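Good morning, colleagues. Please take a moment to look at the sequence and the structure before I begin.

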Amino acid sequence: SDLDVLRVLAYFRARIEDHPDRYRLVGTVEEVRRAKAEGVLGVSFDIEGAVMLDDDLDLLRMYAALGVRQIHFAYNRNNSVGGGCHDAEDGNDCGLTPFGHQVLAEVNRLGLLMDCSHTGWKTSLDIMAASGRPVVFSHANPRGLVDHPRNITDEQIRACAATGGVIGINGVGVFLGDPQAGTAAMARAVDYVADLVGREHVGFGLDFNWLPEIDDHPPGLNREDWWPAKYGYASFAHMSFARPEQIPELAEEMARRGWSETEVAGLMGANFLRVAEAVWPD
């Protein structure tokens, strides 16, 4: 619910404010660069799915004021804004709805990153065709390597790059096709996207679950609906995730594969920062 989202935002904002030596709330590219220069972790928030908008555009404006800088419209399942990737697999991706077009226009106006991860094939293509700003897949892997409905097709990858956007390779084993979520599997996915649309259009978004033993799902959540067992989802405690410690390994592996220092820096974050510079408010 929208109240749950506010509670989460309130908690993280308080935690960040209580530890200024470690964290900084950032909302502009300049603030990202300043945080890096000062050796603190710059943090902004994203919203996964438009359900928490409760069909109210004013809530989107409020979330932006509280530090949300990125949103995707559907988390695996359809809602009033657009379709999710698992409904798409069943042939029921509703596409970007008329209300969804209104939300997209407000996302563009507010300067939020439009993220198509978890979104249905048709809905994502509708979004990328209609958006006036670059669009990203913050954590989505190529379906050309692993045929999973959470992964994205070559058509989606090309459409994203055509907006000026970036595809972030995630580190989830089931989407990498590697039960160990190894660095080599991530590098393979990185190269696949780079070979398709260029090295300036790929980054990574690990989607790392760092406390798998903690179940923070709301009471009564239907896990089977959101994460159908037929698509290979186990409980998160038993899923493999690439670790943050693998990031330097990935950089070294791409250099070994012939990527230049500038290209590796793009993969490590500069490509996404370029998109943020084109989207976020000054």
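I shall speak about the sheet, one helix, the nonpolar cores, the salt bridges and some backbone angles. Please keep in mind that this is a predicted model.

Let me begin with the sheet. Four strands, in the order β3-β4-β5-β6, form an open sheet, and their pairing is parallel. At its edges are β3, residues 45–48, and β6, residues 135–136, each of which pairs on one side only.

Consider the edge strand β3 in detail. Which of its side chains are buried? Phe45 and Ile47 are buried and point to one face, whereas Asp46 and Glu48 point to the other face and are not buried. The side chains thus alternate along the strand. Strand β3 is joined to β4 by 4 bridges, and the two strands run parallel. Opposite Ile47 in β3 stands Ile71 in β4. Between these strands the chain passes through α3, and this β-α-β crossover is right-handed.At the other end of the order, β5, residues 113–115, is joined to β6 by 2 bridges, and these strands also run parallel. Here Met114 has Val135 of β6 as its bridge partner.

I turn now to helix α11, which spans residues 246–256. Which residues of this helix are buried? They are Gln246, Leu250, Ala251, Glu253 and Met254. These residues cover an arc of only 165° around the axis, and therefore they lie on the same side of α11. On the other side of the helix, Glu252 and Arg256 are exposed. What do the buried residues of α11 pack against? Their partners are α9, β8 and α12. Just after the helix comes Gly258, which takes a positive phi of about 100°.

Next, the nonpolar cores. The largest one holds 59 residues, and within it Tyr63, Phe73 and Ile169 touch the most other members. Which element gives this core its largest share? That element is α9, with 8 residues. Another core, of 9 residues, lies apart from it; Val136, Val166, Val275 and Ala276 are among its members.

I come to the salt bridges. In general, side chains of opposite charge can pair when their charged atoms come close. How many salt bridges does the model contain? The count comes to 15.

One of them joins the side chains of Arg77 and Asp225, with an N to O distance of 3.5 Å. Arg77 is in the loop between β4 and α4, while Asp225 is in helix α10, so this pair ties together parts that are 148 residues apart in sequence. Are these two residues buried or exposed? Arg77, at 13% relative accessibility, counts as buried. Asp225, at 34%, counts as partly exposed.

A second example pairs Glu263 with Arg199, whose closest N and O atoms are 2.7 Å apart. Glu263 belongs to helix α12, residues 261–279, and Arg199 to the loop between α9 and β8, so the pair ties together parts that are 64 residues apart in sequence. Glu263 is partly exposed, at 27% relative accessibility. Arg199 is partly exposed as well, at 26%.

The third example brings us back to a residue of α11. Glu253 and Arg257 meet through their side chains in a salt bridge of 2.7 Å, N to O. Glu253 has a relative accessibility of 15% and counts as buried. Arg257 has a relative accessible area of 33% and is partly exposed. Both residues belong to a network of salt bridges that also links Asp191 and Arg256.

Finally, I draw your attention to two backbone angles. Asp55 has a positive phi of about 60°, although it is not a glycine. Its place is in the loop between β3 and α3. A positive phi of about 60° also occurs at Asp207, which is likewise not a glycine. Where is Asp207 placed? It is in the loop between β8 and α10. With a relative accessible area of 35%, Asp207 is partly exposed.

To close, I return to two points. The sheet is an open one of 4 strands with parallel pairing. Helix α11 has buried residues on one side, and on the other side Glu252 and Arg256 are exposed. Thank you for your attention.

Methods. Residues are numbered from 1 along each chain as its sequence is written. This is a predicted model: local features need pLDDT of at least 70, side-chain atom pairs count only at pLDDT 80 or more; totals for chains, interfaces and linings use all residues. Side-chain values use heavy atoms; hydrogens and water are left out. A salt bridge is a side-chain nitrogen of Lys or Arg within 4 Å of a carboxyl oxygen of Asp or Glu. Buried means under 20% relative accessible area, exposed over 50%, partly exposed in between (1.4 Å probe, protein chains only). Two strands pair if DSSP finds at least two bridges between them. The arc is that of the directions from the helix axis to the C-beta atoms. Contact means heavy atoms within 4.5 Å. A nonpolar core is a set of buried Ala, Val, Leu, Ile, Met, Phe, Trp, Tyr and Cys residues joined through side-chain atoms within 4.5 Å. A crossover is right-handed if, with the strands pointing away from the viewer, the path from the first strand over the helix to the second runs clockwise.
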